[in-house]
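Biologist: I would like to go through this structure with you, one question at a time. Shall we begin by displaying it?

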Amino acid sequence: ASGNEIFFARARAIVSDDSAIPKDFRALLSHLETMLFFLKYTKAEDLGMAHSEFRKQRGRLHQDVARYLARAELEYPPGAELVRIADAQGGSLEGAGVEAVLEEILRPSGGRADKLGVFREIFYQWAVVMKRRFDLLVLPHHTQVICLLVFRSFLESKRAAADHAHALIAQVGTGEGKSMIIAALALYVVIVLRKKAHIVIDDETLLERDFCTFRPLFDSLRAPDDRPISSRLCVTEEKLAACDRDDPRVAHMIARVDPDVDICYCEAKHVQSFYASLARSCSGDFDEGYEGRVLILDEVDALIIDEEPNEAFVYENEELGEIATTVAGILARGLPTVHVHASLADSPHPGAERVAREMCQEWARAQVLRASDDYVYVRGVGRYCALQGGRANPNTWSLALECKNFQDGLSRRIVFQERLFVMSRPRVFRKYHRILGLTGSIGSSAERSFLQQTYAAAFFEVPPFLKTCRGSPFHEAVPVALGSARRAVHVEPTVEEQLARLADVAFEARERVPVLII
């Protein structure tokens, strides 16, 4: 059958499935289209070409990573492919051919030595899950297998030498199967290393998509003690509260990282909250709590480089809140500040005077706050909320806003929060047993240097899948001179002229190729 016929047949099955949620159709159909694209080149994949592409970067690699790559070539050489499509039912990728391929994934034919270990079982279970869902054969690319073997060597290595890497970051292009690599690494961490895996994806939509995609795979495997592998998705408390209790997905959602869960998909804020919970519950060193966990980061450039590295953690202090409320009551009656200090003269709390000073200062500031600029009334919570980026944020706390709500009769008590500690994100990340990162772009030399110095990171690149296929149409994108000016880069003096030039270039290019304007 042609690619289009297969796509429409599988698409009809997805849309007709009563268990499928309509809002998920777009993601499912996109995933189906991607799988069919890769299937088109499955028979053209060449393991020798894959190793050759990886070898091109050896001169730029950390000595340990170069050694891991060499080891991967010995463990997964040409002739030891996961399956050999041509040998299975005449190379057919449908019907009985798929069943033969699945059998070979699980039990390599020809008495070949198997160096893939638990990854073979992971690949098999993933193929079974995808066959049930889409009735298609899904195999890992050679580039994905080699990448996983490099990470395996890193995880198995001892941290003896001072220059040994604590973090290993792979540059994996968009659409090259990064999410599958992450899921397989998490399973390896749980099954072989007997540790927990925290997978950080700082995009709520992609986080949920990836977790829902790979949860059936996690459910199909078991931990070393023969119990089911547990996996959870961290979401906001608001989203969890808004979910339909009858939705089966709710059972796998949590608002905070559960220390007993094997695989936890979360955002960076959840990792920080986990650290804070440990800080509040114990004293001294956290090494024991983190040595049993591996951090897997998606898009490390955004998570580690682009964001503020330090964050203050504040918590409500009920005792100080009672003192602040007493002060607010005095100030609300228009009494001078001398009455405030007199009323607290006999207070046994060592922070009473500090609270009084802060309340007097913030009470005055609250009187000059401007509606619509500094705060807005939110009907759902019945009080003023701070504005951030032009939107109300009920979770943002400020003492001045507490005073404003009290002044206007929207609250009868002052919530007083104080800083307990400042958390350094690099310090938190370094606490993990190892850091594994996968990203579309590692960044500039300055950013690489930052990662090396801060996290003892080493790097390698995963070549594009099509570069490892015989006769593939892969080519590197290069600037081309287009438009009447015949230049690759155009800068015009006005917005109108720039838009006109954009149209000029786009209309010329569309005669040969589809055009995407970003």
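Modeller: A definition comes first: a helix here is a DSSP run of H or I with at least four residues, and helices are numbered from the N terminus. Please also note that this is a predicted model.

Biologist: Which helix supplies the largest share of the lining of the second largest pocket?

Modeller: The second largest pocket holds about 1400 Å³ of space and is lined by 34 residues. Several elements supply at least two lining residues each, among them helix 10 (237–242), strand 7 (310–316), strand 9 (383–388) and helix 17 (399–407). The largest share, 7 residues, comes from helix 11.

Biologist: Which lining residues lie nearest the centre of the second largest pocket?

Modeller: By class, the lining divides into 13 nonpolar, 12 polar and 9 charged residues. Of the 34 lining residues, those nearest the centre are R256, E311, V314, N395 and T396.

Biologist: How many Å does helix 11 reach from its first C-alpha to its last?

Modeller: Helix 11 covers residues 268–281 and has 14 residues. The expected span is 1.5 Å times one less than the number of residues. At 1.5 Å a residue, 20 Å is expected for helix 11, and the model is close to this, with a reach of 20 Å.

Biologist: Which residues are buried in helix 11?

Modeller: The criterion for buried is a relative accessible area under 20%. In helix 11, the residues that meet this criterion are A268, H270, V271, Q272, F274, Y275, A276 and L278.

Biologist: Strand 9 was named among the pocket elements. What is the order of the strands in the open sheet of 3 strands?

Modeller: Pairing in this open sheet is antiparallel, and the order of its 3 strands is 8-9-10. Strand 8 (375–378) and strand 10 (391–393) each pair on one side only, which makes them the edge strands. Neighbouring strands are turned against each other by 55 degrees on average, direction ignored. To restate the order, it is 8-9-10.

Biologist: Which residue in strand 10 stands opposite A386?

Modeller: Strand 9 and strand 10 pair in the antiparallel sense over 3 bridges. Across this pairing, the residue in strand 10 that faces A386 is N393.

Biologist: Turning to strand 5, are its residues I263, Y265, C264 and C266 buried or exposed?

Modeller: In a regular strand the side chains alternate between the two faces of the sheet. In strand 5 (residues 263–266), I263 and Y265 point one way, while C264 and C266 point the other way. Whichever way they point, all of these residues are buried.

Biologist: Which residue stands opposite C264 in strand 5?

Modeller: Strand 5 pairs in the parallel sense with strand 2 (residues 196–200) over 4 bridges, and there I263 is the bridge partner of A197. Strand 5 also pairs in the parallel sense with strand 3 (residues 231–234), over 3 bridges. As for C264, the residue opposite is R232.

Biologist: Which helix supplies the largest share of the lining of the second largest cavity?

Modeller: The whole structure contains 2 cavities of 30 Å³ or more, and the second largest has about 40 Å³ of space. Its lining consists of H51, F54, R55, R58, L69 and E73, with 2 nonpolar, 1 polar and 3 charged residues. Helix 3 (47–55) and helix 4 (63–75) each supply at least two of them. The largest share, 3 residues, comes from helix 3.

Biologist: What is the relative accessible area of R194?

Modeller: R194 lies in the loop between helix 8 (178–191) and strand 2. Its phi is near 60 degrees, a positive value in a residue other than glycine. R194 is exposed because its relative accessible area exceeds the cut-off of 50%. The value is 64%.

Biologist: And what is the relative accessible area of S372?

Modeller: S372 is placed in the loop between helix 16 (352–366) and strand 8. S372 likewise has a positive phi without being glycine, near 75 degrees. S372 is exposed, with a relative accessible area of 59%.

Biologist: Finally, what distance in Å separates the C-alpha atoms of G79 and L47?

Modeller: G79 is found in the loop between helix 4 and helix 5 (96–106) and is partly exposed, with a relative accessible area of 33%. G79 and L47 are 32 residues apart along the chain, and their C-alpha atoms are separated by 8.3 Å.

Notes
Residues are numbered from 1 along each chain as its sequence is written. This is a predicted model: local features need pLDDT of at least 70, side-chain atom pairs count only at pLDDT 80 or more; totals for chains, interfaces and linings use all residues. Side-chain values use heavy atoms; hydrogens and water are left out. On a 1 Å grid over the protein atoms alone, a cavity is a set of points where a 1.4 Å probe fits but cannot get out, and a pocket is an open set with protein on both sides within 12 Å along at least five of seven lines; lining residues have an atom within 4 Å of a point. Grid points are joined across faces, edges and corners, and a volume is the space filled by probe spheres set on the points. Ala, Val, Leu, Ile, Met, Phe, Trp, Tyr, Cys and Pro count as nonpolar, Asp, Glu, Lys and Arg as charged, and the others, Gly among them, as polar. Buried means under 20% relative accessible area, exposed over 50%, partly exposed in between (1.4 Å probe, protein chains only). Two strands pair if DSSP finds at least two bridges between them. Axes are lines fitted to C-alpha atoms, for helices over the stretch in contact, and angles run from 0 to 180 degrees between N-to-C directions.
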